[in-house]
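Thanks for agreeing to look at this one with me. Below are my notes, set out as numbered points so that you can reply to each in turn.

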Amino acid sequence: MSEVRPGLEGVVAGETAICSVRPEGELIYRGYNVHDLAEQAGFEEVAYLVLFGKLPTGAEIKAFDDGLRSNRTLPPGVIESLDRLPSDAVPMDALRTAVSTLALYDPEAGDNSHDANLRKAARLLARMATAVAAQHRLSQGLEVVAPDPELNHAANFLHMLRGRRPDEFEARVLEVTLVLYLEHEFNASTFTARVIASTLSDLYGAVVGAIAALKGPLHGGANEKAMDVILEIGEPARAEAWVEESLRQKRRVMGFGHRIYKTADSRVEVARKWGGLLGKQLDDTRLSDICTTVEEVMRREKNLCPNVDFYTAPIYHMMKIPVSLNTPIFAMSRVVGWSAHVIEQIDNNRLFRPNSRYVGATGLEFEPLDRRG
Ligand SMILES: CC(C)(COP(=O)(O)OP(=O)(O)OC[C@H]1O[C@@H](n2cnc3c(N)ncnc32)[C@H](O)[C@@H]1OP(=O)(O)O)[C@@H](O)C(=O)NCCC(=O)NCCS
């Protein structure tokens, strides 16, 4: 096979039983539609489903959730290392560093057995949220807030970030976005994680690489850039002219377009609905109104649909979460998907090692350095 497909577009690079993304806009995790999961299940339940391949019983979810709650505290050495980071460190870079440091404190880090990887995945899931909140507070000169074992994953994150228990509805809206972000098949960061895992490296290393891939604005970083767009527009009345001018200047409107979804991103409908409800609760529909207009103009002018990042970004903004935490929040959910893929890869491994077509020079005659001037 010698055909080159830039960006591996259209290439089937492997098989998975974890998730399926359909171009017409359907997303399923382990056979279940993401809409049903986001609307009817808790984040922990969906994490269990994706990691273990089946919906948990009452006893199974209790044991899994108890394990998460009891593993949230970061080893003191990790907190110390976060405290030594520059206060202006980019939160995604800090999270990448935190995950790398967490590996050093995990006695099972080098154990690639199926069960050890599941245990590590749960520990990492529990601790990444703590690391995001702790690093943010340290960067602001604030005390780190201890996890609250009475709160679920989403509510506890908001509690650790702000130092007070969140409103129940707000925590539920965050939870819905975490379910939407949890898994998405062979996207760039997941593929990165699988490539790393295919060398029989370890789960932590694979997640560190995945975080680096997610940071890019063409991937997860879009949920920060999309918010910059919405804030730059500022008022619904300015939205149409802003989009037209951006397109005239051939600028990409972040939060639009997708390599696979061409008619709709299945997650948008759910994120749009919950963002709208949050806006109503806060009596502020300005951001939803901007988004609706941008969406209409992008469809009319470019036939491009919004992706989930365009609708989660305003949700986090309404929760007064700093924009630079948008992608770390994405990561602290997607770690579930990454871990499931690492486990699936290692359980049935074949090293990723594609070919390239060489287009450089050949037959050059080597000239020693002293003759090259
Ligand atoms: C996600 C993305 C990289 C997918 O790209 P892709 O499938 O490779 O599509 P291409 O980059 O080939 O773009 C196809 C066409 O759509 C246009 N396009 C794609 N996304 C666009 C956007 N967000 N704004 C404006 N135009 C866009 C391209 O300019 C190109 O137009 P042309 O054919 O007139 O040159 C791309 O849509 C993008 O950059 N989006 C913004 C970043 C983003 O939101 N990422 C999160 C994805 S979940």
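**Notes on the model**

1. Let me start at the ligand: 14 residues surround it, and Ala 222, Arg 252, Phe 256, Gly 257 and Asn 307 come nearest. A residue counts as near a molecule when its C-beta atom, placed from the backbone, lies within 6 Å of it. Sorted by class, this shell holds 6 nonpolar, 4 polar and 4 charged residues. In that sorting, Ala, Val, Leu, Ile, Met, Phe, Trp, Tyr, Cys and Pro are nonpolar, Asp, Glu, Lys and Arg are charged, and the others, Gly among them, are polar.

2. Two reading notes before we go on. This is a predicted model, in which local features need pLDDT of at least 70 and side-chain atom pairs count only at pLDDT 80 or more, while totals for chains, interfaces and linings use all residues. Numbering runs from 1 along each chain as its sequence is written.

3. Now the overall fold. The protein has 16 helices and 3 strands, taken as DSSP runs (H or I of at least four residues for helices, E of at least two for strands) and numbered from the N terminus. Its radius of gyration is 22 Å, close to the 21 Å from the globule rule for 373 residues, so the protein is as compact as a globular protein of that length. That radius is taken over C-alpha atoms, and the rule is 2.2 Å times the number of residues to the power 0.38. The C-alpha trace spans about 70 × 55 × 45 Å along its principal axes.

4. How much of the protein is buried? Buried residues are 45% of the 373, where buried means 20 or more other C-beta atoms within 10 Å of the residue's own, exposed means 12 or fewer, and partly exposed lies in between, with C-beta atoms placed from the backbone. Of the contacts with a separation of 6 or more, 76% join residues 24 or more positions apart; a contact needs C-beta atoms, placed from the backbone, within 7 Å.

5. On the domains: the protein is divided into domain 1 (14-217 + 325-347) and domain 2 (222-318), with bounds from an automatic or database domain assignment. Their C-alpha centres lie 25 Å apart. Across the boundary, 19 residues of domain 1 are in contact with 24 residues of domain 2. On the domain 1 side, strand E2 (26-29) and helices H1 (34-40), H8 (168-181) and H16 (326-347) each supply at least two residues. The largest share, 5 residues, comes from H8. That side has 12 nonpolar, 5 polar and 2 charged residues.

6. The largest nonpolar core has 108 residues, and Val 46, Val 50, Leu 95, Val 99, Leu 125, Met 128 and Val 207 touch the most other members. Both domains, 1 and 2, give this core at least three residues each. Such a core is a set of buried Ala, Val, Leu, Ile, Met, Phe, Trp, Tyr and Cys residues joined through C-beta atoms within 7 Å. Leaving aside residues up to four places away in sequence, Leu 95 touches Met 128, Ala 131, Val 132, Ile 211, Pro 328 and Ala 331.

7. Gln 135 deserves a look. This residue lies in helix H6 (114-139). Is Gln 135 buried or exposed? Gln 135 counts as buried, because 28 C-beta neighbours lie inside 10 Å. Its C-alpha atom is separated by 5.9 Å from that of Leu 82, 53 residues apart along the chain. Beyond four places in sequence, Gln 135 touches Leu 82, Leu 85, Pro 91, Ala 94 and Ala 98.

8. Two helices of domain 2 next. In H15 (308-318), 9 of the 11 residues are buried, among them Asp 309, Phe 310 and Tyr 311. The buried residues of H15 pack against H8, H11, H13, H14 and H16. In H12 (236-248), Ala 239, Trp 242, Val 243 and Ser 246 are buried, and the buried residues of H12 pack against H11 (222-233) and H14 (286-302).

9. Finally, some backbone angles to check. Lys 250, just after H12, takes a positive phi of about 60°, and Lys 320, which follows H15, has a positive phi near 65°. Asp 283, in the loop between H13 (268-281) and H14, has phi near 60°; Asp 283 counts as exposed, with 6 C-beta neighbours inside 10 Å.

Conventions: Contact = placed C-beta atoms within 7 Å.
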